[in-house]
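Student: I'd like a close look at one side chain and its surroundings. Please start there and work outwards.

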Amino acid sequence: MGLKIGYAPGAFDLFHIGHLNILKHARSQCDYLIAGVVSDEMLERAKGRLPLVPLAERMEIVGSIGYVDKVYAELLPDKLQVWEELRFNMFFKGDDWKGTPQGDRLESAFNAVGVEVVFFPYTVHTSSTALRTALELINQAPESAHRRQGARR
């Protein structure tokens, strides 16, 4: 069949066990793993906010993971354009995408060019969004406590 080249894209912001699991599972299914780290600008467009960790730092973290053979800055919103540049034959994504309109379009587009799409279990109990929310609450707590103390005076 030839070399199985896998591509696992993600924000990888606030790197956590869910990210590690995706990379670990992806590497177990292919011979060579490319991790795509989505740019700050693309994340801002997609999620309406910048990541907490800048692209260069996220790439350094992801590139240091032993399961990853190559790290790639994903600057293009179209995954087929990324495929044209990298020519992977396996695409990995969390199963939170499976069965969604976006996931179905991705699967259909990749099947048309011979790329196998593999969905992995999403680590529900840990997410960067939950970590970000917790950090925001922690950062707001001293301000709220300070306001409450001022109101008592």
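Student: Which residues does lysine 79 touch, not counting residues up to four places away in sequence?

Tutor: This is a predicted model, in which local features need pLDDT of at least 70 and side-chain atom pairs count only at pLDDT 80 or more, while totals for chains, interfaces and linings use all residues. Residues are numbered from 1 along each chain as its sequence is written, and side-chain values use heavy atoms, with hydrogens and water left out.

Lysine 79 touches Pro9, Glu74, Phe88, Phe91, Leu106 and Phe110. Contact here means heavy atoms within 4.5 Å. Lysine 79 belongs to helix 4, residues 79-86. Helices (H or I, at least four residues) and strands (E, at least two) are DSSP runs, numbered from the N terminus. With a relative accessible area of 15%, lysine 79 is buried. The cut-offs are under 20% for buried, over 50% for exposed and partly exposed in between, with a 1.4 Å probe and protein chains only. Its side chain makes a polar contact of 2.3 Å with the side chain of glutamate 74. Such a contact is a pair of N or O atoms within 3.5 Å; within protein, one must be able to donate a hydrogen and the other to accept it, and residues adjacent in sequence count only if both atoms are side-chain atoms.

Now the rings. Phe88, Phe91 and Phe110, each touched by lysine 79, are linked with Tyr7 and Tyr72 into a cluster by ring pairs. Rings of Phe, Tyr and Trp (its six-membered ring) pair if their centres lie within 6.5 Å; planes under 30 degrees apart count as stacked, over 60 as edge-to-face and the rest as tilted. The whole structure holds 8 aromatic pairs. Tyrosine 7 and tyrosine 72 pair edge-to-face, 6.2 Å centre to centre and with 75° between the planes. That pair links distant parts of the chain: tyrosine 7 is in strand 1 (residues 5-10), tyrosine 72 in strand 3, 65 residues apart. Tyrosine 7 is buried at 0% relative accessibility. Tyrosine 72 is buried at 9%.

Another contact, Pro9, leads to strand 1. There, Ile5, Tyr7 and Pro9 point one way and Gly6, Ala8 and Gly10 the other, and all are buried. With 6 of its 6 residues buried, strand 1 is therefore largely enclosed by the rest of the structure. Proline 9 stands opposite glycine 36 in strand 2. These two strands run parallel, joined by 6 bridges. Strands count as paired if DSSP finds at least two bridges between them.

Step back to the sheet. Its 5 strands form an open sheet in the order 3-2-1-4-5, with parallel pairing. Strand 3 (70-74) and strand 5 (116-120) stand at the edges with a single partner strand each, so one side of each has no neighbour in the sheet. Neighbouring strands are turned by 25° against each other on average, direction ignored. Axes are lines fitted to C-alpha atoms, for helices over the stretch in contact, and angles run from 0 to 180 degrees between N-to-C directions. Helix 3 (residues 55-63) packs on the sheet, touching strand 2 (32-38) and strand 3, and its direction makes about 160° with that of strand 2. Helix 5 (residues 101-112) lies across strand 4 and strand 5, at about 145° to strand 5. Strand 4 (residues 90-94) runs parallel to strand 5, and 5 bridges join them.
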